[in-house]
Amino acid sequence: MQTNHGQLFSLDAQKLELLCGRLAESMAKVEKGSFSDYLNQCAVPMGDVINSFIPKGSHPDMWTYLYGPLTKYSQNAGKRHRPLICALAAVAVGGDWRKSLSAGAAIEHFHTAALIHDDIADEAELRRGEPCFHLTEGEGLAINAGDLGLAVVNGIVMCDPLLTDTEKVRVSLELVSMACSTVEGQALDIGWARDNRYDLTVDDYLLMARHKTAYYSGGVPLAIGAIVGGGTEEQVEGLRRFGMATGLAFQIQDDLLNLVGTKEAKEKDYRSDITEGKRTLVAVHALAHSKDRDRLESILSSKEKNPEILAEAVAIMQEAGSIDYARSFAKELVADAKADLATFLDKSEAYDLLVSMADWFVSRLK
């Protein structure tokens with residue numbers, strides 16, 4: 001039986017060389033030690049690599065109803081930090097960042113799928129300042145496009161000619177574990193809100209956030225980068241720890257930005273975590289420490305969208321010291337992670353960018 005695996009998942013060699021050349025040029029322009037500049041310089045060329053893994057389809061209507069809308073959605077992307085830190089980890093252990101591209105693309109397509117499905121589950125309206133996929137294309141096609149993002153994850157890696165068979169299997173197992181951990185965390189996040197759970201502790205939140213975000217936003221991209229870069233097991237596991245800690249800080253900062261963020265945060269359904277009754281670190285801490293706990297419970301249970309009442313909930317959290325608590329918690333995570341990094345990784349330009357990455361995770365958009 002004939003298959004089209006290569007057509008679906010592999011890049012044309014000449015096109016890949018061109019895209020890598022553009023990405024290399026951007027990397028060469030990065031200001032030393034500046035992770036934000038690394039993102040600014042490299043997000044677009046990395047995005048071109050990511051989007052090149054989206055097929056055209058064997059029928060024109062496949063482009064109309066699936067690949068085209070998915071490509072458009074992916075082009076309205078964020079900072080591409082996941083594939084970029086995967087590449088950075090490969091360089092940090094002395095390897096070739098080109099070997100990280102398929103895994104980085106796989107993780108980014110997983111991220112796209114998760115966002116599309118999350119927005120449906122959350123009944124969200126905006127994503128990166130634009131109407132959500134399910135609002136522009138309809139829920140059915142949105143679910144289908146998200147399913148495609150999940151389906152291509154391992155295929156992209158398995159068809160990478162730069163990886164050995166051993167590397168392909170190991171990377172694919174990392175991706176499977178990452179996906180399982182993420183949906184476990186998402187189940188807790190959605191389930192706790194659905195069942196009006198108010199008996200949660202900080203430890204409950206941390207477990208949920210590690211699973212929902214830290215694995216795929218930090219731990220796995222860095223571990224995979226170290227694997228394909230030829231790092232030692234100490235470096236692979238050390239970078240995984242570093243990514244898990246900073247990825248957790250990333251999620252806590254995301255929670256904070258939803259409550260007290262600036263313009264970019266407001267383009268992502270500002271204060272929607274309150275409307276959705278999310279058990280963020282801020283909310284869990286406030287429920288345990290606020291004298292207005294009953295009022296906060298009432299707001300979190302009401303699916304409230306009134307800006308004044310949402311602001312009231314934020315004021316309750318601030319008075320309980322929960323905003324400051326979460327911010328300090330994230331900063332401590334980052335400080336410990338940076339200290340740990342020095343124990344297993346040699347100093348280099350890539351090392352400096354990783355340190356800057358940790359700081360950026362808790363300072364973005366303040």
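This briefing covers the pockets, helix contacts and selected residues of one structure. The model is predicted. It holds one cavity of 30 Å³ or more. The second largest pocket has about 600 Å³ of space. Two helix pairs are described: H5 with H11, which meet in a right-handed crossing, and H15 with H16, which meet in a left-handed one.

**Second largest pocket**

- The volume of the second largest pocket is about 600 Å³.
- The lining of this pocket is made of 23 residues, and those closest to its centre are Asp122, Ser272, Thr275, Glu276 and Lys303.
- Four helices each give two or more residues to the lining: H6 (101-122), H10 (165-194), H14 (272-275) and H16 (293-301).
- H10 supplies the largest share, with three residues.
- By class, 10 lining residues are charged, eight are nonpolar and five are polar.

**Largest cavity**

- The largest cavity has a volume of about 40 Å³.
- Its lining consists of Phe53, Ile54, Pro55, Leu70, His109, Leu148, Gly149 and Val152.
- Six of these lining residues are nonpolar and two are polar, with no charged residues.

**Alanine 105, in H6**

- Alanine 105 sits in helix H6, one of the helices that help line the second largest pocket.
- Alanine 105 counts as buried because its relative accessibility is 0%, and buried means under 20%.
- Beyond residues up to four places away in sequence, alanine 105 touches Ile50, Phe53 and Ile156.
- Phe53 also belongs to the lining of the largest cavity.
- The C-alpha atoms of alanine 105 and alanine 311 are 38 Å apart, with their positions 206 residues apart along the chain.

**Helix H5 against helix H11**

- H5 covers residues 81-92 and H11 covers residues 202-228; their axes come within 7 Å and cross at roughly 35°.
- The crossing of H5 and H11 is right-handed.
- On the H5 side, the contact involves His81, Arg82, Ile85, Cys86, Ala89 and Ala90.
- On the H11 side, it involves Tyr216, Ser217, Gly218, Pro221, Leu222, Ile224, Gly225 and Ala226.
- The residues of this contact comprise nine nonpolar, four polar and one charged.

**Helix H15 against helix H16**

- H15 (residues 281-289) packs on H16 at an angle of about 145°, and the two axes are 8 Å apart.
- H15 passes H16 in a left-handed crossing.
- Ala283, Ala286, Leu287 and Ala288 of H15 meet Arg293, Leu296, Glu297 and Leu300 of H16.
- Six residues of this contact are nonpolar and two are charged, with no polar residues.
- H16 also gives two or more residues to the lining of the second largest pocket.

**Positive phi outside glycine**

- Glutamate 123 is not a glycine, yet its phi is positive, at about 55°.
- Glutamate 123 belongs to the loop between H6 and strand E1 (126-127).
- Glutamate 123 counts as exposed because its relative accessibility is 66%, and exposed means over 50%.
- Arginine 128 has a positive phi too, near 55°.
- Arginine 128 lies in the loop that runs between E1 and strand E2 (130-131).
- With a relative accessible area of 22%, arginine 128 is partly exposed.

**Partly exposed helix residues**

- Threonine 64 is part of helix H4 (residues 60-75).
- Its relative accessible area is 43%, so threonine 64 is partly exposed.
- Threonine 64 and leucine 296 are 232 residues apart along the chain, and their C-alpha atoms are separated by 45 Å.
- Leu296 is also one of the H16 residues that meet H15.
- Glutamine 318 is in helix H17 (residues 307-319).
- Its relative accessibility is 44%, so glutamine 318 counts as partly exposed.
- Val260 and Ile323 are in contact with glutamine 318, leaving aside neighbours within four places in sequence.
- The C-alpha atoms of glutamine 318 and glycine 155 are separated by 46 Å, and the two residues are 163 apart along the chain.

Methods. Residues are numbered from 1 along each chain as its sequence is written. This is a predicted model: local features need pLDDT of at least 70, side-chain atom pairs count only at pLDDT 80 or more; totals for chains, interfaces and linings use all residues. Side-chain values use heavy atoms; hydrogens and water are left out. On a 1 Å grid over the protein atoms alone, a cavity is a set of points where a 1.4 Å probe fits but cannot get out, and a pocket is an open set with protein on both sides within 12 Å along at least five of seven lines; lining residues have an atom within 4 Å of a point. Grid points are joined across faces, edges and corners, and a volume is the space filled by probe spheres set on the points. Ala, Val, Leu, Ile, Met, Phe, Trp, Tyr, Cys and Pro count as nonpolar, Asp, Glu, Lys and Arg as charged, and the others, Gly among them, as polar. Axes are lines fitted to C-alpha atoms, for helices over the stretch in contact, and angles run from 0 to 180 degrees between N-to-C directions. A crossing is left-handed if the near helix is turned anticlockwise from the far one by less than a right angle, and right-handed if clockwise. Contact means heavy atoms within 4.5 Å. Buried means under 20% relative accessible area, exposed over 50%, partly exposed in between (1.4 Å probe, protein chains only).
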